[in-house]
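Work through the exercises below with the sequence and the coordinates at hand, and try each task before reading the solution that follows it.

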Amino acid sequence: MEELLCIGCGATIQTEDKGKLGYTPQSALEKGLETGELYCQRCFRLRHYNEISDVQLTDDDFLRLLHEVGDSDALVVNVVDIFDFNGSVIPGLPRFVAGNDVLLVGNKKDVLPKSVKDSKVTQWLTERAHEEGLRPVDVVLTSAQNKLAIKDLIDKIEYCRKGRDVYVVGVTNVGKSTLINAIIQEITGDKDIITTSRFPGTTLDKIEIPLADGSHIYDTPGIIHRHQMAHYLSAKNLKYISPKKEIKPKTYQLNPEQTLFLGGLGRFDFVAGDKQGFTAYFDNELKLHRTKLEGASGFYDKHVGSLLVPPVGKEKEDFPALVKHEFTIKDKTDIVFSGLGWIRVSGPARVAGWAPEGVAVVTRKAII
Ligand SMILES: Nc1nc2c(ncn2[C@@H]2O[C@H](COP(=O)(O)OP(=O)(O)OP(=O)(O)O)[C@@H](O)[C@H]2O)c(=O)[nH]1
Ligand SMILES: [Mg+2]
C-alpha cells in the first residue's frame with residue numbers, strides 16, 4: 001500500500017496504534033480517501049475540539065529535517081515570532097542552512113501596537129539575526145493571522161527562490177503553518193488546510209505543497225525550544241503568551257524600590273533612579289501587580305498561584321523559579337521578557353527583570 005500522509009500535520013497515516021502519530025480509525029481513513037481530505041485523529045481533535053493528544057518528536061527528528069534542508073538547494077524561510085525573538089532562535093541554524101539563502105519572516109505583527117514602526121522592527125530583527133550568525137537576504141514582517149503582507153511575502157519568496165524549493169522553518173508556535181495556510185488561501189482560495197494550534201508541537205512531519213512550476217514549498221515541524229515560555233503553561237493559560245490582539249500599553253509611575261509583577265510569570269524591579277513612567281507591553285489580560293521591592297520575593301512566594309497568576313494549580317508546581325537579570329539604563333530602552341512582552345524604560349535607572357529560569361531577559365533600544 002502507498003504511504004498516506006495526514007494533510008493537517010504531515011504524519012504517516014496508520015490504523016494500528018492509537019498512541020502513535022498518524023493514528024486514524026479505519027472508518028475515518030475510508031471517508032478521508034473518499035473526500036480527498038485525510039486528517040489523522042489528533043488533527044481531527046485539534047481542529048474540532050481544540051484538544052491536544054500528546055505525541056512528541058525527538059531532537060533527532062528535527063536534526064534529520066534540518067540536515068535535509070542543508071542538503072537541498074532551496075530557499076529557507078525562517079519564521080520568527082516578533083514578540084519572542086530569543087525564543088525563536090534555532091541553535092546552529094546558520095550551520096545547517098549552509099550555502100542556502102535565508103529569508104527572515106517576523107510574524108505576528110498584529111500584536112504590536114500600531115505606533116511601532118516596521119522599519120525599527122526590521123532593523124532590530126536584522127541586527128539580532130546577524131548576532132546569531134544569520135545573514136538573511138531580506139526581512140518581511142507579516143501577520144499570518146490577519147493576513148497582513150502575505151502578497152508581499154509571496155512576491156519576495158518568488159523573487160528569492162529562483163525556481164528552487166522552499167523550506168519554511170522555525171521553532172514551534174511561531175506561526176509557520178498559519179502562514180502557509182495564508183499563502184495557500186491567497187493563491188487558491190482554500191482555507192485552513194494545515195492544522196494550526198496554540199499548543200507547541202502541532203506539525204509533526206514535513207508537509208509538501210506543490211507550486212505551479214513543479215517545485216514545492218515545505219512546512220516543517222517547529223523545533224521545540226525549551227526556553228520558550230509556552231512550555232511552562234497549560235493549555236488554558238497559553239493565551240497570556242500568545243496574544244491575538246494588538247497590545248494596549250499601560251504606563252506606571254514608579255518610585256525607586258518598587259516592583260511590578262507580570263502575573264506570576266515575571267517581575268520588574270525599579271531599583272534606583274528618579275521617579276518615572278514605565279510603559280508595559282503585555283497581553284491585555286495579563287494582570288500586573290505593583291508592590292514594594294523590599295519583601296517582593298517573599299510576596300511572590302506567598303501569592304504566586306493566587307494573586308499572581310498564571311501559573312495556577314498543577315502548572316505552578318512545575319513552574320521554574322524566577323531568575324534575576326540586572327541592567328543599568330542610560331536612555332530609552334526596552335527590557336524584553338522573551339515571549340511575554342516588554343517594559344519601556346526612559347532612564348536613567350537601575351532596573352532588574354526576572355523571568356523563569358532559562359527564559360531570556362534582554363535589552364534593546366526602545367522601539368517606540
Ligand atoms: N497574533 C497572531 N497569532 C498568530 C499569528 N500566526 C499564528 N498565530 C498563532 O500562533 C499559534 C501557533 O501557530 P501555528 O501556525 O500552529 O505555529 P507553527 O509554527 O506551525 O507551530 P508548530 O507546528 O508547532 O511548529 C496559533 O495559536 C496561531 O493562531 C499571527 O500572525 N498573529
Ligand atoms: Mg505547524
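**Exercise 1. Identify which residues around ligand 1 come nearest, and describe the shell by class.**

Solution. Begin with the neighbours in this predicted model: there are 24 residues around ligand 1, and those that come nearest are Asp110, Thr172, Lys176, Thr178 and Lys244. Next, sort the shell by class, which gives five nonpolar, 14 polar and five charged residues. Finally, ask which element supplies the largest share of the shell; this is helix α8, spanning residues 176–188, with three residues.

**Exercise 2. Find polar atoms of the protein that lie within 3.5 Å of an oxygen atom of ligand 1, and state how much of the ligand the protein covers.**

Solution. Take the side chains to start with: Thr172 places a polar side-chain atom 2.6 Å from an oxygen atom of ligand 1, and a polar side-chain atom of Lys176 lies 2.7 Å from an oxygen atom of the ligand. Then turn to the backbone, where a polar atom of Gln145 is 3.1 Å from an oxygen atom of ligand 1. With a cut-off of 3.5 Å for a pair of N or O atoms, the Thr172 pair qualifies as a polar contact, as does the Lys176 pair and the Gln145 pair. As for cover, ligand 1 on its own has 660 Å² of accessible area, of which the protein covers 96%. The site itself is the largest pocket, in which ligand 1 sits.

**Exercise 3. Decide whether the chain is as compact as a globular protein of its length or not, starting from its secondary structure.**

Solution. The chain comprises 10 helices and 16 strands. Its radius of gyration is 22 Å, and the globule rule gives 21 Å for 368 residues; the two values are close, so the chain is as compact as a globular protein of that length. For its extent, the C-alpha trace spans about 70 × 45 × 35 Å along the principal axes.

**Exercise 4. Locate two cis peptide bonds and a residue with a positive phi that is not a glycine.**

Solution. Keep the general expectation in mind: most peptide bonds are trans, and most residues other than glycine have a negative phi. Against that background, the bond from Pro310 to Pro311 is cis, with omega near 5 degrees, and Pro311 belongs to the loop between α9 (296–303) and α10 (313–317). The bond from Gly347 to Pro348 is also cis, with omega near -5 degrees, and Pro348 is found in the loop between β14 (341–345) and β15 (349–356). Lastly, Ala98, although not a glycine, has a positive phi of about 45 degrees; Ala98 lies in the loop that runs between α5 (93–97) and β2 (102–107).

Note on methods: Residues are numbered from 1 along each chain as its sequence is written. Chains are lettered from A and ligands numbered from 1 in the order in which they are written. This is a predicted model: local features need pLDDT of at least 70, side-chain atom pairs count only at pLDDT 80 or more; totals for chains, interfaces and linings use all residues. Side-chain values use heavy atoms; hydrogens and water are left out. A residue is near a molecule or strand if one of its heavy atoms lies within 4 Å of it. A polar contact is a pair of N or O atoms within 3.5 Å; within protein, one must be able to donate a hydrogen and the other to accept it, and residues adjacent in sequence count only if both atoms are side-chain atoms. Accessible areas come from the Shrake-Rupley method with a 1.4 Å probe; for residues, only the protein chains shown count as cover. On a 1 Å grid over the protein atoms alone, a cavity is a set of points where a 1.4 Å probe fits but cannot get out, and a pocket is an open set with protein on both sides within 12 Å along at least five of seven lines; lining residues have an atom within 4 Å of a point. A molecule sits in a cavity or pocket if more than half of its atoms lie within 2 Å of its grid points. Helices (H or I, at least four residues) and strands (E, at least two) are DSSP runs, numbered from the N terminus. Ala, Val, Leu, Ile, Met, Phe, Trp, Tyr, Cys and Pro count as nonpolar, Asp, Glu, Lys and Arg as charged, and the others, Gly among them, as polar. The radius of gyration is taken over C-alpha atoms; the globule rule is 2.2 Å times the number of residues to the power 0.38.
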